Amino acid sequence: MRSFRKSSECKTSKEKKNSARRGTWMPRMWSFFVVLSLLASLSACKKNTPHASVSLFALDTYVTISADGQEAEEAVQCASTTLHIYEEMFSRHHEGGEIALLNQATAEQPVTLSEETYQLLSLTCEYAVLTDGTFDPTVAPLMDLWGIGTENARVPGDDEISEALTRIDYHNIQLLPNDQAYVKDGTQVDLGGVAKGAIGDLLMAKMREFDVTKIILDLGGNICAWAKDDSLRVGVISPKKTDAQDPQSMCAIVTITDADLPMSVVTSGAYERFFEQDGIRYGHIMDTRTGAPVQTDLLSATIVGSDGTVCDILSTTLYAMGLERARDWAQEKHIDCILCAENGTLCVSTSLKGRVDAEEGWTIEYFG
Amino acid sequence: MKKHWTAFQITKLAILLALALMLSILEAWLLPKGILPLPGLKLGLANIAILVTLYTVGKKEALLLAILRSLVVLVLGGNFVGFVFSMLGGVWAWCAMCLLCERKHVSIFGTSIGGAACHSIGQIMAAMLMTRTVYVLVYLPYLILASCAMGAVIAFLTIPVVRALDHLGNPVIQ
Amino acid sequence: MPKKDGQSNTSDKLSTPHQACGQHLPPRHFRFASGDVFLIIAILVFCGILITGMLVRRHTLSKKTPYVRITVDGSVVMNRALSAFADETEYRLATENGEVVVILNDHEVYIQSSDCPDQICVQTGKLTKPGDGAICLPNKIVVQIVAGSSDSGETDGKVDAVAK
């Protein structure tokens, strides 16, 4: 109530004023709507923020680092330098690298690891226990034996396999206080299975110290992404390689909206690195019980989560478990995952409801 | 509101609101859900009360009534989806009716039909918000046509009421 | 109805009916007028154009490969060629209200049952051609048949990254 009117006041002038005001009331309301819609369309326009990105070969794969924001250039620069440091740190083939040193260490002379490596190693061991060896950081001898993904891929003999299996046991990793560790009985630690996830997390943390609004790390298909006040869409590659013309065909798209935490989307499956012999397809993920590539009814397993290292571990694990076990296990451990089954069904955690879109040729079924 | 409301006017609005609510309930009772072939299609009996308010009291009061009616139905029925629908529909219908009732050559018929048509536009917008798909738009022309027919019926029912109030010397505005 | 009221009101175009304090409403409000006819014709023409456009679109789309797309609250849960369902398939969707059962076979799709008050989606019947669709508003479910190539083939720009 802006003006309080007494009935005894001069009526005619007031009446005129009132009608004039009433006359302007409708246009004012319309202009309000017009301004509102203009504002809405303005906010839809993207502001022109600096963008930087770099692509390079590292971790035996193709890495793309990109960022948006005032210090995008610096952030990307910093990340690409740090990437190589971590790569050397976590590689068992790099002479003088921490993992190479760890594999030579003994009980008498344990090696002192950097904080990052030690933490990664202990996390790896933790999950090896949790998954009852389905995920094993000491699987390297088997990988070398089969050589899947390299030119020397072959089906080894049974005696070779049993010999290699004797050298595989994650219990042989001994973690000591003060960041010290060693391995027993000639076991070789290989963090190759988690390095991408771990490096993604470390780079993300580094890059977020800069003034940036959006970061997307693509470490050979391991996606780690973060965007401030924005949502990102991450596709999941289709494990069915029927369409040769479109190598990027997807089975689902995950929408990431959590602005506080960077989110990782990691897929495991034997659709890219495998070799075929006598009509049998051998994937690159090994079963440490049989010594052969895992037999699974899943085409791929994708994990969505805030910890890229854990996502990396779990995607391999769930893929190896097969549909039934993976579903039960994911439900029990509250893992957000997308499991691609052979019949074109995507089994998706209910917690991801509304965040996953099926692409052409796929059907979503929620579980949990 | 620039106007100072007397107890008389407040009572009047309260009576009209009660009337609108009664008509909503009556409609739900007469035409249970699903009897009409299109989603969101209703007779809109409560629009009688809104139209009466618009013609005998004022525009702002009519909007107030439309909003209050949706709110009370929400509180009574607890149906949030229905609330969004009737709110968006109601506001759209009100905008259209405000424009139409001022026109020289438009009668209550036109106002009611135009309001009903815009009500369905608002409803389709609400449905698009709800389902987050544009597909709902295919219902739009059918819904508009059907609601125009309903609007005509409502106008038939409203005219005697407004006329009667007018014959009484329109006590609503004094 | 006193006739002079009509005059007093038409002279002041800005005033709303109720402002003629103590006076009667102009009789024009009660009589079917030219503006009404115009309005009705405008609405009919508008709807006519929309319906024709939709029918034409439906006709052109009907020649393309039909794909089933099911959307729940805006996210796509099924996107497959209708021909993939050679055997009759039952697809169950759990919703807040209960369950929605969609039946698919190689030439048609329909919602068999739905836990919703209005049942409009069930009454919609069988969907056979691109452009057909059934909507369940209470459950926020849209079942559509779309033309296969309508929105595929443009992977670029659709996503920010691809996990593989």
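**Exercise 1. How much area is buried between chain C and chain A, and what percentage of it do carbon and sulfur atoms give?**

Before starting, note that this is a predicted model in which local features need pLDDT of at least 70 and side-chain atom pairs count only at pLDDT 80 or more, while totals for chains, interfaces and linings use all residues. Residues are numbered from 1 along each chain as its sequence is written, chains are lettered from A and ligands numbered from 1 in the order in which they are written, and side-chain values use heavy atoms, with hydrogens and water left out.

*Solution.*

Step 1. Chain C and chain A bury about 2,700 Å² between them, and carbon and sulfur atoms give 49% of that area; buried area is the accessible area (1.4 Å probe) that two parts lose on being put together, summed over both.

Step 2. On the side of chain C, the three residues C:Asp160, C:Ala163 and C:Lys164 supply 25% of the area that this chain buries against chain A, more than any other three residues.

Step 3. The contact, meaning heavy atoms within 4.5 Å, takes 23 residues from chain C and 39 residues from chain A.

**Exercise 2. Describe the polar side of the same interface and the elements of chain C that take part.**

*Solution.*

Step 1. Between chain C and chain A there are zero salt bridges, a salt bridge being a side-chain nitrogen of Lys or Arg within 4 Å of a carboxyl oxygen of Asp or Glu.

Step 2. The rule does find 15 residue pairs in polar contact, both at pLDDT 80 or more; a polar contact is a pair of N or O atoms within 3.5 Å, where within protein one must be able to donate a hydrogen and the other to accept it, and residues adjacent in sequence count only if both atoms are side-chain atoms.

Step 3. Strand E2 (75–81), E3 and strand E8 (161–163) of chain C each give two or more residues to the side that touches chain A, and E2(C) gives the most, with six residues.

Step 4. Strand E17 (residues 362–367) of chain A is joined to E2(C) by two bridges and the two run antiparallel, with A:Trp362 and C:Asn79 as bridge partners. Helices (H or I, at least four residues) and strands (E, at least two) are DSSP runs, numbered from the N terminus, and two strands pair if DSSP finds at least two bridges between them.

**Exercise 3. Which strands stand at the edges of the open sheet E3-E5-E4 of chain A, and what packs on that sheet?**

*Solution.*

Step 1. This open sheet of three strands has antiparallel pairing.

Step 2. Strand E3 (111–112) and strand E4 (173–176) of chain A each have a single partner strand, so one side of each is left without a neighbour in the sheet.

Step 3. Helix H4 (residues 115–130) of chain A packs on the sheet, touching E4 and E5 of chain A, and its direction makes about 130 degrees with that of E4(A); axes are lines fitted to C-alpha atoms, for helices over the stretch in contact, and angles run from 0 to 180 degrees between N-to-C directions.

Step 4. E3(A) pairs with strand E5 (residues 180–183) of chain A in the antiparallel sense over two bridges, and A:Val111 stands opposite A:Ala181.

**Exercise 4. Characterise the contact of chain B with chain C.**

*Solution.*

Step 1. About 4,100 Å² is buried between chain B and chain C, 69% of it on carbon and sulfur atoms.

Step 2. Each chain is represented in the contact, with 46 residues from chain B and 46 residues from chain C.

Step 3. Across this interface the rule finds zero salt bridges and three residue pairs in polar contact.
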